[in-house]
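Colleague: Could you take me closely through one part of this model, the surface that faces the nucleic acid, and then place it in the wider assembly?

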Number of protein chains: 2
Amino acid sequence: MTPIDQDAPLGRRDLRKQQTRAALTGAALRLCSLRGFDQVTVDDISGEAGVSSRTFFNYFASKEDAVLGDHLVEVDAMRARLAVLLPTMPVLEAIRRAVLLPVAAMEADRDHWFLRMEIIKHSPQLLPRLVLSNAEAERATTEQIAAHLGVDPATHVYPALVVATTSAAFRVAATGWMAAAGARSLGALVDRAFTALAAGLPDPD
Amino acid sequence: MTPIDQDAPLGRRDLRKQQTRAALTGAALRLCSLRGFDQVTVDDISGEAGVSSRTFFNYFASKEDAVLGDHLVEVDAMRARLAVLLPTMPVLEAIRRAVLLPVAAMEADRDHWFLRMEIIKHSPQLLPRLVLSNAEAERATTEQIAAHLGVDPATHVYPALVVATTSAAFRVAATGWMAAAGARSLGALVDRAFTALAAGLPDPD
DNA sequence: AATGAACTTGCAGCCACTGCAAGTTTGTTG
DNA sequence: CAACAAACTTGCAGTGGCTGCAAGTTCATT
């Protein structure tokens with residue numbers, strides 16, 4: 001019996017898939033940060049990664065997906081943490097702590113994130129797509145919080161509101177982090193944003 | 001001498017342009033709400049509006065633009081109002097009042113907005129594009145507020161934070177409004193969201 | 001070794017979108 | 001009114017993202 005490791009489902013086939021996927025995202029980030037998103041074709045990326053362009057679309061639904069990546073894993077982890085925290089503290093505080101998971105993931109993957117930042121800076125059309133990738137997660141989180149509070153998310157604004165605003169705060173912090181090229185820690189920036197949120201966004205001194 | 005009306009720059013040429021543009025957005029909204037965004041081609045829309053597909057692209061940069069519309073006018077008006085209000089009250093309060101302009105515009109254009117909502121519900125890819133259309137405006141507003149406060153928007157998070165979160169709050173209110181098919185007034189929903197924001201997003205009773 | 005599933009690839013094709021070079025309409029000027 | 005220029009529409013040809021299909025190839029299983 002082989003040990004089951006969820007991080008590496010073993011088999012040289014799956015290994016190869018991981019490699020190909022990594023090669024494609026790597027090529028996409030490298031080429032696009034160099035030439036700009038619109039000046040790179042899927043053929044370029046596939047060629048650089050050593051596969052056909054048709055294969056590219058077996059891995060990613062769109063060129064944008066290859067550049068932006070999917071962050072389902074981290075978001076799922078955050079929701080799990082949230083489920084644990086919610087019963088013991090106010091909603092905003094629970095979110096503030098749960099968001100530390102994505103923060104850590106981003107700081108661990110900083111090289112890729114800085115490239116993404118570089119690309120998005122020159123192709124702003126990509127920014128909303130990055131938001132979209134979180135849209136489904138936001139919906140699920142909204143329902144989670146609504147269930148916790150025992151309210152109907154369709155009639156009560158609070159769950160959607162707290163999710164949307166914290167999400168926006170996180171995005172602001174992340175943008176500042178990338179713009180500063182990581183000079184300040186993402187965690188500190190997020191913390192500052194949440195503090196201002198919890199205080200009701202008063203004018204700064 | 002003909003009266004100068006800035007709403008209608010007169011000349012039968014400009015009139016015709018307005019008509020064509022309106023016909024295109026009308027056709028786009030109608031067809032897409034009926035069949036779904038992906039099931040409608042630019043040819044379909046252009047045909048319905050009685051122009052060539054090439055002409056379509058003289059009016060809109062993309063199929064999405066025709067459906068989502070541009071809201072530059074309202075946003076500019078809001079920023080002008082904001083410039084007047086900022087010196088006399090806290091930032092959050094100024095935004096809360098300035099946002100009444102877009103609110104009024106949306107309520108006046110409710111038929112189109114409900115169609116958009118219907119379309120977006122079935123094609124969620126469009127939602128982020130709607131956000132993008134505001135991205136540039138958000139950036140400008142951020143700088144406006146930073147200038148008012150006398151801080152550097154690159155190092156200080158507050159301006160970007162207050163703009164992003166209020167924008168998110170507005171979006172939540174608007175979504176709720178469209179989901180309820182206008183049963184509740186948009187203004188009331190926006191007001192409730194801003195009240196919660198100003199209170200620091202405490203758990204609801 | 002054989003079988004079938006998974007993966008890659010070329011091909012043909014749809015559609016969004018663009019530049020260019022007409023042709024047509026409209027506002028203006030002598 | 002005639003003539004000219006600017007604005008607008010359109011067809012055409014072409015690029016590139018993206019998909020379904022029908023091979024081929026590679027790998028895991030028995």
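Modeller: What follows starts at the DNA, moves on to the relation between the chains, and ends with one residue inside a helix. The model is a predicted one, and the distances below should be read as values computed from that prediction.

The surface near DNA strand C draws on both protein chains, since helix H1 (12-35) and helix H3 (53-59) of chain A, as well as helix H1 (12-35) and helix H3 (53-59) of chain B, each supply at least two of its residues. The most is given by H3(A), with four residues. In all, 19 residues surround DNA strand C, and those that come nearest are A:Thr55, A:Tyr59, B:Arg13, B:Arg54 and B:Lys63. Sorted by class, this surface holds seven charged, six polar and six nonpolar residues.

On the side of the nucleic acid, 62% of the atoms of DNA strand C that lie within 4 Å of the protein belong to sugar or phosphate, while the rest belong to bases. Individual polar contacts illustrate each kind. For the phosphates, a backbone N or O atom of B:Lys63 is found 2.6 Å from a phosphate oxygen of DNA strand C, and a backbone N or O atom of B:Val42 is found 3.3 Å from a phosphate oxygen of that strand. For the bases, an N or O atom in the side chain of A:Arg54 is 3.5 Å from a base oxygen of DNA strand C.

As to how the chains are arranged, a turn of 180° with a shift of 0.0 Å along the axis lays chain B on chain A with an RMSD of 0.1 Å. The two copies are therefore related as by a two-fold rotation axis. The same surface serves both copies, in that 100% of the contact residues of chain B recur in chain A. Among the residues of chain B, B:Gly200 comes closest to the rotation axis, its C-alpha being at 1.9 Å.

Finally, a residue of chain B that deserves a look is B:Thr141, which lies in helix H9 (residues 126-149) of that chain. With a relative accessible area of 6%, which is under the 20% limit, B:Thr141 counts as buried. The side chain of B:Thr141 reaches the backbone oxygen of B:Ala137 at 2.8 Å. Once its neighbours within four places in sequence are left aside, B:Thr141 is in contact with B:Arg79, B:Leu82 and B:Val163.

Methods: Residues are numbered from 1 along each chain as its sequence is written. Chains are lettered from A and ligands numbered from 1 in the order in which they are written. This is a predicted model: local features need pLDDT of at least 70, side-chain atom pairs count only at pLDDT 80 or more; totals for chains, interfaces and linings use all residues. Side-chain values use heavy atoms; hydrogens and water are left out. Buried means under 20% relative accessible area, exposed over 50%, partly exposed in between (1.4 Å probe, protein chains only). A polar contact is a pair of N or O atoms within 3.5 Å; within protein, one must be able to donate a hydrogen and the other to accept it, and residues adjacent in sequence count only if both atoms are side-chain atoms. Contact means heavy atoms within 4.5 Å. Copies are superposed by least squares on the C-alpha atoms of residues with pLDDT of at least 70 in both. A residue is near a molecule or strand if one of its heavy atoms lies within 4 Å of it. Ala, Val, Leu, Ile, Met, Phe, Trp, Tyr, Cys and Pro count as nonpolar, Asp, Glu, Lys and Arg as charged, and the others, Gly among them, as polar.
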